[in-house]
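Me: I would like a close look at a single part of this protein, taken slowly and in connected prose. Please keep to what the model itself shows.

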Amino acid sequence: MHDDDERDGKPQDAWDEVTNSSAIPAIRDPSLLGHRPSYLQQVEGPGAPRLLVLQKDQVVLGRSLESDIPLASTEISRRHLIIRAVPEGHACEDAGSRNGVFLNGVKIHSASLRDGDTLQIGNVVLVYRRR
């Protein structure tokens, strides 16, 4: 299913609510970010393309619907990746996933993120953007 404009036959607005009340909004138009802080741009995988604003000090990405950013991919773990705010921006950490986390093509356990870095978890590819 291609998810750009419609889901279940209904047009999507700019804020695409993810599955729970503590969810991070997903937006499709970068111009809507305005003054917002850093975000992840999902460029590949189920649900792409979309932008995921990093509004909390810590977010968990994974297959579980209880993740802060749930990703509908069978290639990722329930809790796959943790992104934390740090004084210089954000850092990422593998949450004990089965298939690992790749930063700019290199498998990592944890690392600081820089603007433009690419994260890959399973078939999901995210680009970190620092505002």
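In β9, which residue is the bridge partner of V59?

Reply: The model is a predicted one, and in it the bridge partner of V59 in β9 is I83. That bridge belongs to the pairing of β7 with β9, which runs in the antiparallel sense over 4 bridges. Strands of a sheet pair through backbone hydrogen bonds, either parallel or antiparallel. β7 and β9 take their places in an open sheet of 5 strands, ordered β8-β7-β9-β10-β13, in which the pairing is mixed. The edges are held by β8 (69-70) and β13 (110-113), each of which has a single partner strand, so one side of each is left without a neighbour in the sheet.

I83 also leads into the interior, being listed with L40, L61, L81 and L119 as the residues with the most contacts inside the largest nonpolar core, which has 20 residues. Among the elements that give two or more residues to this core are β7 (58-62) and β9 (81-86), together with β14 (118-121) and β15 (124-129); of the contributors, β15 gives the most, with 3 residues. L40 shows how these parts meet, since among the residues that it touches, leaving aside those up to four places away in sequence, are L61, I83, L119, L126, V127 and Y128.

A further residue of strand β9 is V86, which is partly exposed, with a relative accessible area of 25%. Although V86 and Q58 are 28 residues apart in sequence, their C-alpha atoms are 9.6 Å apart in space.

How values were computed:
Residues numbered from 1 in each chain as written. Predicted model: local features only at pLDDT ≥ 70, side-chain atom pairs only at ≥ 80, totals over all residues. Heavy atoms only, no water. Core = buried A, V, L, I, M, F, W, Y, C linked by side-chain atoms within 4.5 Å. Buried < 20%, exposed > 50% of the residue type's maximum accessible area, 1.4 Å probe, protein only. Contact = heavy atoms within 4.5 Å. Pairing = 2+ DSSP bridges.
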